[in-house]
Amino acid sequence: MVMGDLVTEVDVAVVGGGPGGYTAAFRCAELGLETVVVDEGKRLGGACLFEGCIPSKALLHVAAVLAEAARAREFGVDFGEPRVSLDPLRKWKSERVVGKLARGLASVAKSKGVEVIGGRAVFEDSRTLRVEGEAPQKVRFKHAVVATGSRPATLPGLAGPRLMDSTAALELAEVPDRLLVVGGGYIGLELGQVYAALGSKVTLVEMTDGLLPGSSPSGGGPRAPGSASRRRARAPTTAASSRWTRSAARPTRTSWPSATSRVSRCSPTGRCARASSRPRRSPAGPRRSTTSPSRRSSSPTRKSRGAASPRRRRSWRDAP
Ligand SMILES: Cc1cc2nc3c(=O)[nH]c(=O)nc-3n(C[C@H](O)[C@H](O)[C@H](O)COP(=O)(O)OP(=O)(O)OC[C@H]3O[C@@H](n4cnc5c(N)ncnc54)[C@H](O)[C@@H]3O)c2cc1C
(Lines give C-alpha, C1' and ligand atoms only; values in the text may rest on other atoms or scores of the structure.)
Protein backbone atom coordinates (compact mmCIF):
# COMPACT_ATOMS: atom_id res chain seq x y z
CA MET A 1 0.00 0.00 0.00
CA VAL A 2 1.25 3.48 -0.81
CA MET A 3 1.51 5.87 2.11
CA GLY A 4 -1.62 7.96 2.30
CA ASP A 5 -3.90 5.53 0.46
CA LEU A 6 -5.91 4.87 3.57
CA VAL A 7 -7.41 7.90 5.28
CA THR A 8 -9.44 7.55 8.46
CA GLU A 9 -11.60 10.48 9.53
CA VAL A 10 -12.42 10.77 13.22
CA ASP A 11 -13.53 13.24 15.84
CA VAL A 12 -10.60 12.50 18.14
CA ALA A 13 -7.18 11.04 17.43
CA VAL A 14 -5.26 10.02 20.51
CA VAL A 15 -1.52 9.57 20.05
CA GLY A 16 -0.21 7.06 22.59
CA GLY A 17 -1.98 4.10 24.11
CA GLY A 18 -0.71 4.39 27.68
CA PRO A 19 -2.88 5.14 30.71
CA GLY A 20 -3.04 8.80 29.67
CA GLY A 21 -4.10 7.97 26.14
CA TYR A 22 -6.53 5.12 26.66
CA THR A 23 -8.44 6.79 29.48
CA ALA A 24 -8.87 9.90 27.32
CA ALA A 25 -9.96 7.75 24.38
CA PHE A 26 -12.46 5.77 26.46
CA ARG A 27 -13.98 8.97 27.81
CA CYS A 28 -14.23 10.54 24.37
CA ALA A 29 -15.97 7.41 23.10
CA GLU A 30 -18.35 7.48 26.05
CA LEU A 31 -19.22 11.05 25.10
CA GLY A 32 -20.17 9.85 21.63
CA LEU A 33 -17.06 10.99 19.78
CA GLU A 34 -15.55 8.77 17.14
CA THR A 35 -12.11 8.04 18.53
CA VAL A 36 -8.96 6.22 17.46
CA VAL A 37 -5.78 5.59 19.37
CA VAL A 38 -2.50 5.48 17.45
CA ASP A 39 0.17 3.57 19.33
CA GLU A 40 3.58 2.47 18.15
CA GLY A 41 3.08 -0.94 19.67
CA LYS A 42 -0.54 -1.31 18.46
CA ARG A 43 -1.61 -2.05 21.98
CA LEU A 44 -3.13 -0.27 24.93
CA GLY A 45 -1.35 -0.08 28.25
CA GLY A 46 1.79 1.87 27.46
CA ALA A 47 4.80 1.91 29.73
CA CYS A 48 2.67 1.32 32.79
CA LEU A 49 1.32 -2.03 31.68
CA PHE A 50 4.27 -3.36 29.70
CA GLU A 51 7.38 -1.77 31.19
CA GLY A 52 6.43 -0.11 34.43
CA CYS A 53 3.83 -0.23 37.16
CA ILE A 54 2.39 -3.66 36.46
CA PRO A 55 5.51 -5.80 35.85
CA SER A 56 7.30 -4.06 38.69
CA LYS A 57 4.41 -4.72 41.08
CA ALA A 58 4.29 -8.33 39.94
CA LEU A 59 7.97 -8.74 40.78
CA LEU A 60 7.57 -6.87 44.06
CA HIS A 61 4.91 -9.42 44.92
CA VAL A 62 7.48 -12.16 44.31
CA ALA A 63 9.92 -10.30 46.56
CA ALA A 64 7.27 -10.06 49.28
CA VAL A 65 6.49 -13.78 49.05
CA LEU A 66 10.18 -14.63 49.39
CA ALA A 67 10.47 -12.35 52.41
CA GLU A 68 7.34 -13.76 53.98
CA ALA A 69 8.59 -17.31 53.54
CA ALA A 70 11.90 -16.38 55.17
CA ARG A 71 10.13 -14.73 58.09
CA ALA A 72 7.98 -17.78 58.65
CA ARG A 73 11.04 -19.47 60.14
CA GLU A 74 10.52 -17.19 63.14
CA PHE A 75 7.43 -19.13 64.07
CA GLY A 76 8.76 -22.51 63.09
CA VAL A 77 7.61 -22.88 59.49
CA ASP A 78 10.56 -23.56 57.24
CA PHE A 79 10.02 -23.79 53.51
CA GLY A 80 13.73 -24.33 52.90
CA GLU A 81 15.92 -22.20 50.68
CA PRO A 82 13.87 -20.73 47.82
CA ARG A 83 14.86 -21.63 44.28
CA VAL A 84 13.85 -19.04 41.73
CA SER A 85 13.49 -20.17 38.13
CA LEU A 86 13.65 -17.18 35.86
CA ASP A 87 11.89 -18.70 32.84
CA PRO A 88 8.63 -19.53 34.64
CA LEU A 89 8.83 -16.24 36.50
CA ARG A 90 9.17 -14.26 33.27
CA LYS A 91 6.37 -16.28 31.71
CA TRP A 92 4.05 -15.69 34.65
CA LYS A 93 4.79 -11.96 34.60
CA SER A 94 4.27 -11.58 30.84
CA GLU A 95 1.38 -13.93 30.27
CA ARG A 96 -0.58 -14.27 33.46
CA VAL A 97 -0.18 -10.72 34.73
CA VAL A 98 0.61 -8.31 31.88
CA GLY A 99 -1.04 -10.36 29.12
CA LYS A 100 -4.27 -10.77 31.03
CA LEU A 101 -4.58 -7.04 31.70
CA ALA A 102 -3.66 -6.21 28.09
CA ARG A 103 -6.41 -8.49 26.83
CA GLY A 104 -8.82 -6.83 29.26
CA LEU A 105 -7.92 -3.35 27.99
CA ALA A 106 -8.28 -4.44 24.36
CA SER A 107 -11.74 -5.76 25.04
CA VAL A 108 -12.78 -2.56 26.85
CA ALA A 109 -11.61 -0.58 23.82
CA LYS A 110 -13.58 -2.84 21.54
CA SER A 111 -16.71 -2.56 23.63
CA LYS A 112 -16.47 1.24 23.52
CA GLY A 113 -15.79 1.29 19.80
CA VAL A 114 -12.27 2.70 20.12
CA GLU A 115 -10.04 1.54 17.27
CA VAL A 116 -6.34 1.03 17.95
CA ILE A 117 -4.06 1.78 15.00
CA GLY A 118 -0.50 0.49 15.15
CA GLY A 119 2.33 2.74 14.06
CA ARG A 120 4.27 5.85 14.82
CA ALA A 121 2.18 9.00 14.52
CA VAL A 122 3.64 12.17 13.04
CA PHE A 123 1.67 15.40 12.75
CA GLU A 124 1.51 16.54 9.13
CA ASP A 125 -0.60 19.56 9.96
CA SER A 126 -3.11 20.62 12.56
CA ARG A 127 -5.77 18.23 11.21
CA THR A 128 -3.75 15.30 9.91
CA LEU A 129 -1.62 12.56 11.37
CA ARG A 130 0.64 10.41 9.29
CA VAL A 131 0.96 6.91 10.69
CA GLU A 132 4.26 5.25 9.86
CA GLY A 133 4.86 1.55 10.23
CA GLU A 134 3.64 -1.70 8.81
CA ALA A 135 0.29 -0.25 7.74
CA PRO A 136 0.99 3.37 6.76
CA GLN A 137 -2.07 5.55 6.67
CA LYS A 138 -3.40 8.98 7.50
CA VAL A 139 -5.80 10.01 10.20
CA ARG A 140 -7.76 13.22 9.78
CA PHE A 141 -9.10 14.49 13.08
CA LYS A 142 -11.07 17.34 14.61
CA HIS A 143 -9.32 17.07 17.96
CA ALA A 144 -6.10 15.36 19.01
CA VAL A 145 -4.77 14.19 22.34
CA VAL A 146 -1.01 13.76 22.66
CA ALA A 147 -0.18 11.21 25.34
CA THR A 148 3.18 9.92 24.23
CA GLY A 149 4.60 9.34 27.70
CA SER A 150 8.27 9.22 28.53
CA ARG A 151 11.36 7.10 28.07
CA PRO A 152 13.96 6.01 30.61
CA ALA A 153 16.68 8.63 30.95
CA THR A 154 20.18 7.69 29.89
CA LEU A 155 23.46 8.70 31.43
CA PRO A 156 25.77 10.43 28.98
CA GLY A 157 28.87 8.44 28.17
CA LEU A 158 27.57 5.21 29.65
CA ALA A 159 26.63 2.36 27.39
CA GLY A 160 27.22 -1.33 27.11
CA PRO A 161 25.75 -4.72 27.74
CA ARG A 162 26.16 -4.45 31.51
CA LEU A 163 23.86 -1.45 31.63
CA MET A 164 20.11 -1.84 31.97
CA ASP A 165 17.37 0.74 31.99
CA SER A 166 14.18 0.05 33.93
CA THR A 167 12.58 -1.68 30.94
CA ALA A 168 15.50 -4.07 30.54
CA ALA A 169 15.70 -4.64 34.29
CA LEU A 170 12.08 -5.75 34.35
CA GLU A 171 12.80 -8.32 31.66
CA LEU A 172 14.93 -10.22 34.18
CA ALA A 173 17.45 -11.47 31.65
CA GLU A 174 19.65 -12.48 34.57
CA VAL A 175 20.09 -11.82 38.26
CA PRO A 176 23.61 -10.45 38.72
CA ASP A 177 25.60 -11.10 41.88
CA ARG A 178 26.00 -7.38 42.40
CA LEU A 179 23.87 -4.57 41.03
CA LEU A 180 24.29 -0.82 41.19
CA VAL A 181 21.03 1.09 40.91
CA VAL A 182 21.45 4.73 39.88
CA GLY A 183 18.54 6.77 41.16
CA GLY A 184 16.73 6.56 44.46
CA GLY A 185 13.27 7.38 43.16
CA TYR A 186 10.50 4.84 43.43
CA ILE A 187 11.57 3.02 40.28
CA GLY A 188 15.13 2.54 41.53
CA LEU A 189 13.88 1.48 44.93
CA GLU A 190 11.39 -0.99 43.51
CA LEU A 191 13.88 -2.56 41.14
CA GLY A 192 16.57 -2.64 43.81
CA GLN A 193 14.18 -4.39 46.15
CA VAL A 194 13.23 -6.96 43.50
CA TYR A 195 16.82 -7.81 42.57
CA ALA A 196 17.84 -7.95 46.24
CA ALA A 197 15.03 -10.42 46.89
CA LEU A 198 16.17 -12.52 43.94
CA GLY A 199 19.70 -12.69 45.32
CA SER A 200 21.68 -9.69 44.04
CA LYS A 201 23.69 -7.57 46.38
CA VAL A 202 22.27 -4.17 45.53
CA THR A 203 23.83 -0.76 46.04
CA LEU A 204 21.81 2.33 45.29
CA VAL A 205 23.19 5.76 44.46
CA GLU A 206 21.10 8.90 44.77
CA MET A 207 22.45 12.38 44.12
CA THR A 208 19.93 14.35 46.17
CA ASP A 209 19.95 14.37 49.94
CA GLY A 210 17.29 11.73 50.33
CA LEU A 211 15.52 8.83 48.78
CA LEU A 212 12.28 9.32 46.87
CA PRO A 213 13.21 12.86 45.82
CA GLY A 214 10.21 15.04 45.27
CA SER A 215 7.94 13.12 47.59
CA SER A 216 6.49 14.64 50.71
CA PRO A 217 8.62 14.00 53.82
CA SER A 218 5.45 13.30 55.76
CA GLY A 219 4.46 10.74 53.16
CA GLY A 220 6.90 8.32 54.71
CA GLY A 221 10.27 7.15 53.60
CA PRO A 222 11.04 3.99 51.74
CA ARG A 223 10.29 0.75 53.53
CA ALA A 224 12.94 -1.70 54.52
CA PRO A 225 13.01 -4.39 51.86
CA GLY A 226 11.10 -7.41 53.05
CA SER A 227 10.30 -5.85 56.37
CA ALA A 228 7.44 -7.63 58.09
CA SER A 229 6.76 -4.69 60.30
CA ARG A 230 6.96 -2.32 57.32
CA ARG A 231 9.09 -0.18 59.49
CA ARG A 232 10.79 2.70 57.87
CA ALA A 233 14.18 2.52 56.30
CA ARG A 234 14.58 6.26 56.36
CA ALA A 235 17.86 7.95 56.71
CA PRO A 236 18.54 9.04 60.26
CA THR A 237 15.99 11.55 61.45
CA THR A 238 17.82 13.07 64.37
CA ALA A 239 18.92 16.69 64.38
CA ALA A 240 22.47 15.42 64.30
CA SER A 241 21.75 13.28 61.32
CA SER A 242 20.44 16.20 59.36
CA ARG A 243 24.01 17.50 59.43
CA TRP A 244 24.88 14.32 57.71
CA THR A 245 22.38 15.02 54.95
CA ARG A 246 23.45 18.63 54.70
CA SER A 247 26.88 17.51 53.72
CA ALA A 248 25.42 15.00 51.34
CA ALA A 249 26.00 16.90 48.15
CA ARG A 250 27.65 13.68 47.10
CA PRO A 251 25.57 10.59 46.38
CA THR A 252 23.70 8.93 49.20
CA ARG A 253 23.96 5.20 49.00
CA THR A 254 21.65 2.53 50.25
CA SER A 255 22.49 -1.08 49.80
CA TRP A 256 20.54 -4.23 50.27
CA PRO A 257 22.86 -7.15 50.95
CA SER A 258 19.84 -9.37 51.22
CA ALA A 259 16.19 -8.60 50.97
CA THR A 260 15.31 -10.67 53.94
CA SER A 261 18.17 -10.21 56.31
CA ARG A 262 19.60 -6.74 56.57
CA VAL A 263 19.32 -3.23 55.31
CA SER A 264 22.46 -1.18 55.03
CA ARG A 265 22.75 2.49 54.55
CA CYS A 266 26.01 4.05 53.64
CA SER A 267 26.88 7.60 54.37
CA PRO A 268 28.57 9.63 51.66
CA THR A 269 31.86 8.86 53.33
CA GLY A 270 31.24 5.18 52.77
CA ARG A 271 30.49 4.22 56.37
CA CYS A 272 27.58 1.83 56.59
CA ALA A 273 25.06 1.16 59.29
CA ARG A 274 23.28 -2.14 59.32
CA ALA A 275 19.96 -2.89 60.89
CA SER A 276 18.19 -6.18 61.07
CA SER A 277 14.97 -5.97 59.14
CA ARG A 278 13.30 -8.37 61.50
CA PRO A 279 10.76 -6.78 63.77
CA ARG A 280 12.08 -6.27 67.28
CA ARG A 281 10.05 -6.21 70.40
CA SER A 282 10.76 -3.78 73.17
CA PRO A 283 10.43 -5.17 76.70
CA ALA A 284 7.30 -3.07 77.08
CA GLY A 285 5.61 -4.65 74.09
CA PRO A 286 5.50 -4.18 70.35
CA ARG A 287 7.88 -1.60 69.03
CA ARG A 288 6.39 1.74 68.05
CA SER A 289 6.62 2.37 64.35
CA THR A 290 7.66 5.98 64.81
CA THR A 291 11.23 5.01 65.56
CA SER A 292 13.54 4.88 62.60
CA PRO A 293 15.60 1.67 62.34
CA SER A 294 18.66 3.85 62.09
CA ARG A 295 18.06 5.02 65.65
CA ARG A 296 18.51 1.48 66.81
CA SER A 297 21.41 0.61 64.59
CA SER A 298 24.99 0.60 65.62
CA SER A 299 25.80 3.24 63.07
CA PRO A 300 29.21 4.78 63.78
CA THR A 301 27.72 7.99 62.46
CA ARG A 302 24.99 7.93 65.05
CA LYS A 303 27.30 6.99 67.86
CA SER A 304 29.40 10.06 67.31
CA ARG A 305 26.32 12.23 67.44
CA GLY A 306 24.57 10.90 70.48
CA ALA A 307 20.84 10.58 70.93
CA ALA A 308 18.61 13.46 70.01
CA SER A 309 15.34 14.33 71.61
CA PRO A 310 12.47 12.94 69.58
CA ARG A 311 10.94 16.42 69.58
CA ARG A 312 13.94 17.73 67.75
CA ARG A 313 13.83 15.01 65.14
CA ARG A 314 13.64 16.25 61.61
CA SER A 315 13.08 14.45 58.40
CA TRP A 316 16.27 14.05 56.45
CA ARG A 317 14.61 15.90 53.63
CA ASP A 318 14.11 18.89 55.94
CA ALA A 319 17.79 19.53 55.72
CA PRO A 320 18.62 22.51 53.51
C1 LIG B 1 9.38 0.58 36.60
C2 LIG B 1 8.24 1.55 36.61
C3 LIG B 1 7.29 1.46 37.61
C4 LIG B 1 6.23 2.35 37.64
N5 LIG B 1 5.30 2.23 38.64
C6 LIG B 1 4.27 3.09 38.69
C7 LIG B 1 3.31 3.01 39.71
O8 LIG B 1 3.37 2.13 40.57
N9 LIG B 1 2.29 3.89 39.71
C10 LIG B 1 2.19 4.87 38.75
O11 LIG B 1 1.24 5.65 38.80
N12 LIG B 1 3.11 4.98 37.78
C13 LIG B 1 4.14 4.14 37.71
N14 LIG B 1 5.05 4.26 36.72
C15 LIG B 1 4.92 5.37 35.75
C16 LIG B 1 3.89 5.03 34.68
O17 LIG B 1 4.33 3.92 33.94
C18 LIG B 1 3.74 6.25 33.80
O19 LIG B 1 3.44 7.36 34.60
C20 LIG B 1 2.63 6.04 32.83
O21 LIG B 1 2.87 4.91 32.03
C22 LIG B 1 2.50 7.28 31.95
O23 LIG B 1 1.41 7.05 31.10
P24 LIG B 1 1.29 7.79 29.72
O25 LIG B 1 0.03 7.34 29.09
O26 LIG B 1 1.50 9.23 29.91
O27 LIG B 1 2.54 7.30 28.85
P28 LIG B 1 3.08 5.86 28.51
O29 LIG B 1 2.56 4.82 29.42
O30 LIG B 1 4.57 6.01 28.37
O31 LIG B 1 2.46 5.56 27.08
C32 LIG B 1 2.85 6.28 25.96
C33 LIG B 1 2.55 5.43 24.74
O34 LIG B 1 2.69 6.25 23.61
C35 LIG B 1 3.33 5.51 22.58
N36 LIG B 1 3.94 6.50 21.68
C37 LIG B 1 4.92 7.39 21.96
N38 LIG B 1 5.17 8.16 20.90
C39 LIG B 1 4.33 7.76 19.92
C40 LIG B 1 4.10 8.18 18.56
N41 LIG B 1 4.77 9.18 18.00
N42 LIG B 1 3.17 7.52 17.85
C43 LIG B 1 2.45 6.51 18.39
N44 LIG B 1 2.62 6.08 19.66
C45 LIG B 1 3.55 6.70 20.41
C46 LIG B 1 4.32 4.63 23.32
O47 LIG B 1 4.66 3.51 22.53
C48 LIG B 1 3.49 4.25 24.55
O49 LIG B 1 2.74 3.07 24.32
C50 LIG B 1 6.11 3.37 36.64
C51 LIG B 1 7.07 3.46 35.62
C52 LIG B 1 8.11 2.57 35.60
C53 LIG B 1 9.13 2.67 34.47
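**View 1. Asp-125 stands opposite Thr-128 of strand E5 in a predicted model.** Strand E4 (120-125) and strand E5 (residues 128-132) run antiparallel, joined by 5 bridges. The two strands form a hairpin, with 2 residues between them. Strands pair here if DSSP finds at least two bridges between them. Helices (H or I, at least four residues) and strands (E, at least two) are DSSP runs, numbered from the N terminus. Residue numbers start from 1 along each chain as its sequence is written. In this predicted model, local features need pLDDT of at least 70 and side-chain atom pairs count only at pLDDT 80 or more, while totals for chains, interfaces and linings use all residues.

**View 2. Strands E7 and E8 pair in the parallel sense.** E7 covers residues 178-182, and 5 bridges link E7 to E8. Val-182 stands opposite Val-205 in E8. Side chains alternate along E8 (residues 201-206). Val-202, Leu-204 and Glu-206 point to one face and are buried. Lys-201, Thr-203 and Val-205 point to the other face and are not buried. A buried residue has 20 or more other C-beta atoms within 10 Å of its own, with C-beta atoms placed from the backbone. In a regular strand, side chains alternate between the two faces of the sheet.

**View 3. Helix H1 has buried residues on the same side.** The buried residues of H1 are Gly-21, Tyr-22, Ala-25, Phe-26, Cys-28 and Ala-29. They cover an arc of only 165° around the axis, which puts them on the same side of H1. The arc is taken from the directions from the helix axis to the C-beta atoms. These buried residues pack against strands E1 (7-15), E2 (35-39) and E6 (137-146), and against helices H2 (46-51) and H4 (86-112). Contact means C-beta atoms, placed from the backbone, within 7 Å. The 12 residues of H1 (residues 19-30) should span 16 Å at 1.5 Å a residue; the end C-alpha atoms are 16 Å apart, which agrees. The expected span is 1.5 Å times one less than the number of residues. Just after H1, Gly-32 takes a positive phi of about 90°.

**View 4. The ligand is surrounded by 26 residues.** A residue is near the ligand if its C-beta atom, placed from the backbone, lies within 6 Å of it. The closest are Gly-16, Gly-18, Gly-46, Gly-52 and Gly-149. H1, E2, H2, helix H3 (53-71) and E4 each supply at least two shell residues. H2 gives the largest share, 4 residues.

Notes. Buried ≥ 20, exposed ≤ 12 C-beta atoms within 10 Å, placed from the backbone. Contact = placed C-beta atoms within 7 Å.
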